[in-house]
Amino acid sequence: MATNLQMSPQLEQIHGEIHDNFRALQNGFQKLDKIKDSNRQSKQLEELTGKMRECKRLVKEFDREVKDEEGRNPPEVNKQLNDEKQSMIKELNSYVALRKTYMTSLGNKKLELFDMGAGGSEPTAEENVQLASSMSNQELINSGMKTMDETDQAIERSKQVVHQTIEVGTQTATTLKGQTDQMGRIVNELDSIQFSIKKASQLVKEIGRQVATDKCIMLFLFLIVCGVIAIIVVKIVNPNNKGIRDIPGLAPPAPSRRLLYLRNEEQ
């Protein structure tokens with residue numbers, strides 16, 4: 001039936017990989033019957049579990065491709081592809097049940113489908129085998145599809161958490177960058193203020209030196225003026241004091257003159 005299916009190259013590749021894994025599972029379980037050591041059996045079961053996980057992923061990918069090409073294919077081709085998908089799901093579930101049987105023989109009482117369950121309490125392997133044997137093919141297919149849908153939902157929730165984490169990290173990085181830029185501007189402003197304060201201090205010192213120099217000059221001039229005034233006062237009060245030199249440019253006080261009256265006696 002598979003050889004008569006009309007498939008796109010992508011579907012043919014996925015379909016071939018699924019059947020390669022099915023053959024590997026069949027050979028693996030046949031080899032498992034010949035292994036007597038429990039540790040080697042556990043290791044072999046782990047390898048087969050990995051193959052079943054890969055089959056599950058490929059079946060889901062096959063289903064997505066079928067849905068994408070559904071509008072381009074005739075109805076009979078779509079029906080054949082869906083039947084092939086259900087057949088592969090049924091075969092995969094048979095290997096899952098077979099794996100649980102071997103796990104029961106190894107003494108494991110609690111199992112999860114592909115070790116990817118929701119984490120709640122689950123039935124034992126023996127109950128799973130009995131339940132699978134009592135279910136019809138359609139029920140087995142529906143059960144397998146339900147399990148895959150639950151896994152898909154868990155993966156989507158994980159993707160949402162990762163996406164939210166990336167958004168929070170991006171916002172945090174943006175905020176940190178803004179704060180870093182702001183701190184850089186503050187540092188530059190502090191440097192400018194420090195430079196202005198330094199220049200102002202130098203200017204104040206220069207002004208202080210100029211004021212001190214001007215005060216010395218004014219005091220010196222004031223002393224000169226006071227000295228000149230004192231000399232003038234002394235000269236005026238005691239003009240006959242020869243110990244005081246005349247001030248250049250200043251005429252000495254006029255001496256008192258006596259008027260001589262000449263009398264002509266007429267004889």
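# A predicted all-helix model, briefly

Let's start with one residue: cysteine 55 is buried, at a relative accessible area of 0%. Here, buried means under 20% relative accessible area, exposed means over 50%, and partly exposed is in between (1.4 Å probe, protein chains only). You're looking at a predicted model, where local features need pLDDT of at least 70 and side-chain atom pairs count only at pLDDT 80 or more, while totals for chains, interfaces and linings use all residues. Residues are numbered from 1 along each chain as its sequence is written, and side-chain values use heavy atoms, with hydrogens and water left out.

**Overall layout**

- The protein has five helices and zero strands; helices (H or I, at least four residues) and strands (E, at least two) are DSSP runs, numbered from the N terminus.
- Reading from the N terminus, you get the order α-α-α-α-α.
- Of the 267 residues in the protein, 22% are buried.
- Take the contacts between residues at least 6 apart in sequence: 65% of them join residues at least 24 apart. A contact means heavy atoms within 4.5 Å.
- About 20000 Å² of the protein is exposed, and carbon and sulfur atoms supply 56% of that area. Accessible areas come from the Shrake-Rupley method with a 1.4 Å probe, and for residues only the protein chains shown count as cover.

**Cysteines**

- Back to cysteine for a moment: cysteine 226 is partly exposed, with a relative accessible area of 31%, whereas cysteine 55 is buried.
- How many disulfides does a search of the whole structure find? The search finds zero, where a disulfide is a pair of cysteine sulfur atoms within 2.5 Å.

**Aromatic rings**

- A pair of aromatic rings is described by two things, the distance of the centres and the angle of the planes.
- Rings of Phe, Tyr and Trp (its six-membered ring) pair if their centres lie within 6.5 Å; planes under 30 degrees apart count as stacked, over 60 as edge-to-face and the rest as tilted.
- By this rule there are three aromatic pairs.
- One of them joins phenylalanine 22 and tyrosine 95: the ring centres are 6.0 Å apart and the planes sit at 35°, so the pair is tilted.
- Phenylalanine 22 lies in helix 1 (residues 9-34) and tyrosine 95 in helix 3 (residues 75-105), so this pair ties together parts that are 73 residues apart in sequence.
- Phenylalanine 22 and tyrosine 95 are both buried.
- Tyrosine 95 also pairs with phenylalanine 29, and that pair is stacked, with 5.9 Å centre to centre and 5° between the planes.
- This second pair also links distant parts of the chain, with phenylalanine 29 in helix 1 and tyrosine 95 in helix 3, 66 residues apart.
- Phenylalanine 29 is buried at a relative accessible area of 4%, and tyrosine 95 counts as buried at 9%.
- Put the ring pairs together and they link Phe22, Phe29, Tyr95 and Tyr102 into a cluster.

**Salt bridges**

- The structure holds nine salt bridges, each being a side-chain nitrogen of Lys or Arg within 4 Å of a carboxyl oxygen of Asp or Glu.
- Glutamate 54 and arginine 57 form one of them, at 2.5 Å from N to O. Both residues lie in helix 2 (residues 38-68), three residues apart, which is about one turn of the helix.
- Glutamate 54 is partly exposed at 28% relative accessible area, and arginine 57 is partly exposed at 40%.
- Lysine 85 and aspartate 63 meet in another salt bridge, at 2.7 Å from N to O. Lysine 85 lies in helix 3 and aspartate 63 in helix 2, so the pair ties together parts that are 22 residues apart in sequence.
- Are these two residues buried or exposed? Lysine 85 counts as buried at 11% relative accessibility, and aspartate 63 counts as buried at 10%.
- Lysine 177 bridges to aspartate 181, with the closest N and O atoms 3.4 Å apart. The two are four residues apart in helix 5, so about one helical turn separates them.
- Lysine 177 counts as exposed at 55% relative accessibility, while aspartate 181 is partly exposed at 37%.
- Salt bridges that share partners also join Glu54, Arg57 and Glu61 into one network.

**A nonpolar patch**

- Ile217, Met218, Phe220, Leu221, Ile224 and Val228 form a nonpolar patch on the surface, with about 580 Å² of accessible area together.
- Patches are made of residues with over 30% relative accessible area and no salt bridge; like charges are joined within 9 Å, and nonpolar side chains (Val, Leu, Ile, Met, Phe, Trp, Tyr) within 5 Å.
- Isoleucine 224 is found in helix 5 (residues 137-237), and at 41% relative accessibility isoleucine 224 counts as partly exposed.
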